[in-house]
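Biologist: I'm new to this one and don't want the whole tour at once. Could you pick a single part, take a close look at it, and tell me how it sits in the rest?

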Amino acid sequence: MLAAVRLTADRMPLVRDMGWNQTAAVYTHPDRVLDYDVFLFVTKGCMHVIEEGTEYRVRQGEHLFLKKGLRHWGLPESEAGTAWYWIHFDAAAEEQDGYSGRLPMPETGYYTPGHYEYRFELPKHGGLPLQPSLGDRLMAMLDEYRQPRLHGMTRASVRAYELFLDMHEATLSDEDAQVPAGKISALTGKVMAYLVDHASKEFQAEELARRLDLNYNYISTAFRKHTGRTVIEMHTKLRIDKAIDLMRNTSLNVSEISERLGFNSPYYFSRVFKKVTGEAPSSYWRHLYRV
């Protein structure tokens, strides 16, 4: 199994250094074990690297992540003239044992800190749709990195994080393009669209099943498998997001908001609100900017 480099949603990778190199002669990658992760992107030629017995040939327009703590080396098989960018960085994902390996749904509105407690894997090796311009992007990052400035290393880390997020998103987009309509990902999108449209009323499982012409147990199981949340949990979250939007942008009180969103009573609304946000509506109201 390929050794994956992972990041978390709440901690950016910390860049140690970055650079560009080009070899005039046939090149041999050094034999080493590092205590940080490595990103390589080849702009010309072909780089030969072996990581713990797995062999890679990283060609022009391709990248490779090397995992910290694993031995990697090369044979004298990297082409003369090969050019590449590299970033050495520390990632904290392995320290976050309780973090989910599942990406949260792209919701709307209010997010609690728990939303960011997930990790994701970066594509180990290959080319991605965004990479025709990746060389230019890395060149700009390197130029900025070389300019002494306040917060320079933090800025370099932010740029690297944005790059890695875009690479991960491009991987998902490439996978989605290969998923036939009717699969779980497509079903999840339909359920989310329904929930967003019906966030101002009580959830009706029968209506959702009838709308999608599917058994509700199948819908519920597939949705939870794909998102990590039940349909009802997601509906509740979107409903409270709607409540917070009304709290921010209207003069409605708790009773009026409760009635508008179809809750049985202000008391029940307050109980659900506190369960989702960790605060009662009256407490949450105090730190809102209101119109």
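Modeller: Let's start with a word I'll need straight away: a contact means heavy atoms within 4.5 Å. In this chain, residues 24 or more positions apart account for 73% of the contacts with a separation of 6 or more.

A bit of housekeeping before we zoom in. Residues are numbered from 1 along each chain as its sequence is written, and side-chain values use heavy atoms, with hydrogens and water left out. This is a predicted model, where local features need pLDDT of at least 70 and side-chain atom pairs count only at pLDDT 80 or more, while totals for chains, interfaces and linings use all residues.

Now the backdrop. The chain has 9 helices and 11 strands; these are DSSP runs numbered from the N terminus, with helices being H or I of at least four residues and strands being E of at least two. The C-alpha trace spans about 75 × 50 × 30 Å along its principal axes. Of the 291 residues, 43% are buried, where buried means under 20% relative accessible area, exposed means over 50%, and partly exposed lies in between (1.4 Å probe, protein chains only).

The part I'd pick is strand 4. This strand covers residues 37–44, and 6 of its 8 residues are buried, leaving the strand mostly covered. Strand 4 belongs to an open sheet of 5 strands with the order 2-9-4-7-11, paired antiparallel. (Two strands pair if DSSP finds at least two bridges between them.) At the edges of that sheet stand strand 2 (14–22) and strand 11 (125–126), each with a single partner strand, so one side of each is left without a neighbour in the sheet.

Which strands does strand 4 pair with? The order places strand 9 on one side of strand 4 and strand 7 on the other. Take strand 9 first: this strand, residues 83–90, runs antiparallel to strand 4, and 7 bridges join the two. If you'd like a spot to find by eye, look for Val38, which stands opposite His88 in strand 9.

Over on the other side is strand 7, residues 63–66, which pairs with strand 4 in the antiparallel sense over 4 bridges. Two places to look here: Leu40 has Leu64 of strand 7 as its bridge partner, and Phe41 stands opposite His63 in strand 7. While you follow the strand along, here's a handy rule: in a regular strand the side chains alternate between the two faces of the sheet.

Strand 4 also makes more sense with the other sheet in view. That second open sheet has 4 strands in the order 3-8-5-6, again with antiparallel pairing. Its edges are strand 3 (32–33) and strand 6 (54–59), each with a single partner strand, so one side of each has no neighbour in the sheet. Inside it, 6 bridges join strand 5 (residues 46–51) to strand 6, and the two run antiparallel. One of the pairs to look for there is Cys46, with Arg59 in strand 6 as its bridge partner.

Between strand 5 and strand 6 there's a loop that holds Glu52. As background, most residues other than glycine have a negative phi. Glu52 has a positive phi of about 50 degrees, although it is not a glycine. With a relative accessible area of 47%, Glu52 is partly exposed. His151 has a positive phi too, about 60 degrees, and is not a glycine either; His151 lies in the loop between helix 1 (134–145) and helix 2.

Helix 2 leads us back to the sheet of strand 4. This helix covers residues 152–177 and holds Ala160, which is buried with a relative accessible area of 0%. Leaving out residues up to four places away in sequence, Ala160 touches Val15 and Met141. Remember that residues 14–22 make up strand 2, at an edge of the sheet. Ala160 and Met18 are 142 residues apart in sequence, and their C-alpha atoms are 9.9 Å apart in space.

One last stop is helix 7, residues 254–260, where you'll find Ser258. Ser258 counts as buried, at 1% relative accessibility. Not counting residues up to four places away in sequence, this serine touches Phe263, Ser265, Pro266 and Phe269.
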